[in-house]
Amino acid sequence: MGNDATKPSFLSRHRTGILLGSLLLFLPPLAVIIQATSADVDLCGTWCPRMFFVVRNGAGIGEIIGGMARSYMGVALVVAILLTTLFLGRYWCSHLCPVGGATELGGRLLPRFLKIDYSGIPAAPVRYGYLAVYLAAPLIGIGSLCCSYCNFATIPRLFGAPFVEADMIYFFRTAGLINLGLMVALGFLARGGRAYCNFLCPIGALDALVSRFRGRFGRRMQVTADRCTGCGQCRAVCPTWAIEVGERAAIDQLSCMPCRECEKACPEGAIRYGTSD
Amino acid sequence: MKTAHIVIFVLAVALSLLAATYRFNDSAHAMGVLKKGGSMARHPAVLNSRDGRATLIVTARVVPPYRGDARVVLEGAPGHTCTMYNAEPAVRFPFHHRPAFAGSVYSDLRPHDKVALWVVLKPAGEVATAAGPPPASDATDCCLTGEGEGAPVGAPSRRPRVSGPQLAFYDLKSNERLLAVPIRFVGREGGERHGK
């Protein structure tokens, strides 16, 4: 059930176009999907994918269900993301997420000398330290990271700010400025544009956990060991620094999203997307 | 290598805990519903506007059967001015009904509508700085200095007594209060821990 490693797929060839389409559908000024499916104007509200799984101290079952009902599109989105990831890998993160897509595409417009390389920092401990507090702090009633520090709130408002004053106001607050700083430093200025996704996105963290479980049918990026020469070209293009190169390249499924840049970069055709044989 | 991962994990937890527990009191978010008979935001919005601007974000859903026009007023906060900005789509598609906002009044609110209002509070007399947003076309200024002053006129008996600073939504016709968001102003010391 392997794939043809020499022919890039449609999703691989048109990733930039798909991401751009996602920006138009989810983000201002158009936000077509948001407006078509809810009375909201951005990803906060019905489409919020982050708040519903934050259980607050003392919350009853009714409150939890009520929270899910309030953001039912966000719930559906996260369930769909996790199910898709189980079988196909993290395609939401790599091809569809308007938030990660915005920082990656925006980052491509910036010159290389401005870029910060975060690949020296192991992403998983940061990500799961953040996720642990994200889930536990509200549960034990000592605070919350939800809403105050939110990429799904910041990026839509960054796109909306030139058009709508309410979106501009978002950034004239301490929390707004911190969010903006995080998106710039870990997003637009990060090499590959995905350091925020890799460190601080709770959806990405859950998605990465699911990505670890693949079974027989799960498709993931993988290295054909006997073809790999360990040249390291794949590592250089990986936006989530998910590839370690020793004698041969090895892909960490906890950080990999199938952007397939490594597949394109590999001169030996040693990296492919598919099921494990 | 493993030790480094553990150290980084602990650092990430410590920093995240700090971020989760510390509140910046220059903004607060309150959720509520606009409904006949009135409602109240569950917690007061804690704000510090003494050192400059503070932003109150109010999001609310219109609960059936209410429909009508609603005026938004800041009450019981002498010494503060406020400007209101309604969150709207940059390009408005006709998929859903959206109430218009002008002159601190939401017009044509219908069941299941949602409103998101950004209210910027400043100490009265503060001169606008370069850091502030440009004059707003969809913004509404309000300047209420006394308890209840500036609230809608007519049928005053239907207005509950104001016991402290609050942002209130009143039905324009009946003067009935639809939603109240209590505000608690805190001192110059700024941030506080959650739950305090």
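A polar contact is a pair of N or O atoms within 3.5 Å, where within protein one atom must be able to donate a hydrogen and the other to accept it, and where residues adjacent in sequence count only if both atoms are side-chain atoms. The exercises below concern a predicted model, which scores ipTM 0.92 and pTM 0.89.

**Exercise 1. Describe the interface of chain A and chain B, beginning with its polar contacts and ending with the residues that chain A brings to it.**

Step 1. With the rule above, 12 residue pairs, both members at pLDDT 80 or more, are found in polar contact across the interface of chain A and chain B.

Step 2. Helix 3 (32-37), helix 4 (61-70), helix 8 (123-139), helix 10 (165-169) and helix 11 (174-188) of chain A are the elements that each give two or more residues to the side touching chain B. The most comes from helix 8 of chain A, with seven residues. Sorted by class, this side of chain A holds 23 nonpolar, eight polar and six charged residues.

Step 3. Salt bridges are counted separately, and between chain A and chain B there are two. In a salt bridge between E63(A) and R42(B), the side chains meet at 3.2 Å, N to O.

Step 4. Taken as a whole, the interface brings 37 residues of chain A into contact with 44 residues of chain B. The area buried between the two chains is about 3,600 Å², and carbon and sulfur atoms give 66% of it. On the chain A side, Q35(A), E165(A) and I169(A) lose the most area to chain B, together 18% of what that side buries.

**Exercise 2. Explain why helix 7 of chain A can be called largely enclosed, and then examine T154(A) in helix 9 of chain A.**

Step 1. Because 10 of the 11 residues of helix 7 (residues 98-108) of chain A are buried, this helix is largely enclosed by the rest of the structure. The buried residues run through P98(A), V99(A), G100(A), G101(A), A102(A), T103(A), E104(A), L105(A), G106(A) and G107(A).

Step 2. The packing partners of these buried residues are helix 2 (15-26), helix 6 (91-96), helix 9 (151-160), helix 11 and helix 12 (195-200) of chain A.

Step 3. T154(A) belongs to helix 9 of chain A. Since buried means under 20% relative accessible area, T154(A), at 0% relative accessibility, counts as buried. Apart from neighbours within four places in sequence, T154(A) is in contact with Y170(A), F171(A), N179(A), L180(A) and M183(A).

**Exercise 3. Summarise the fold of chain B, and state where its pLDDT is under 50.**

Step 1. Chain B comprises one helix and 13 strands, and along the sequence the helix is followed by the strands, in the pattern α-β-β-β-β-β-β-β-β-β-β-β-β-β. Of its 196 residues, 45% count as buried. Among contacts in chain B with a separation of 6 or more, 75% are between residues 24 or more positions apart.

Step 2. The mean pLDDT of chain B is 82, with 74% of its residues reaching 70 or more. Among its elements, strand 8 (residues 105-109) has the highest mean, 97, whereas strand 13 (residues 192-193) has the lowest, 49.

Step 3. Residues 127-137 of chain B stay under 50 in pLDDT, and the model has 13 contacts for them beyond four places in sequence. Residues 145-150 of chain B are likewise below 50, with 13 contacts beyond near neighbours in sequence. Where pLDDT is low, the predicted coordinates should not be read in detail.

Note on methods. Residues are numbered from 1 along each chain as its sequence is written. Chains are lettered from A and ligands numbered from 1 in the order in which they are written. Side-chain values use heavy atoms; hydrogens and water are left out. Contact means heavy atoms within 4.5 Å. Buried area is the accessible area (1.4 Å probe) that two parts lose on being put together, summed over both. A salt bridge is a side-chain nitrogen of Lys or Arg within 4 Å of a carboxyl oxygen of Asp or Glu. Helices (H or I, at least four residues) and strands (E, at least two) are DSSP runs, numbered from the N terminus. Ala, Val, Leu, Ile, Met, Phe, Trp, Tyr, Cys and Pro count as nonpolar, Asp, Glu, Lys and Arg as charged, and the others, Gly among them, as polar. pLDDT is the predictor's confidence in each residue, from 0 to 100. Buried means under 20% relative accessible area, exposed over 50%, partly exposed in between (1.4 Å probe, protein chains only).
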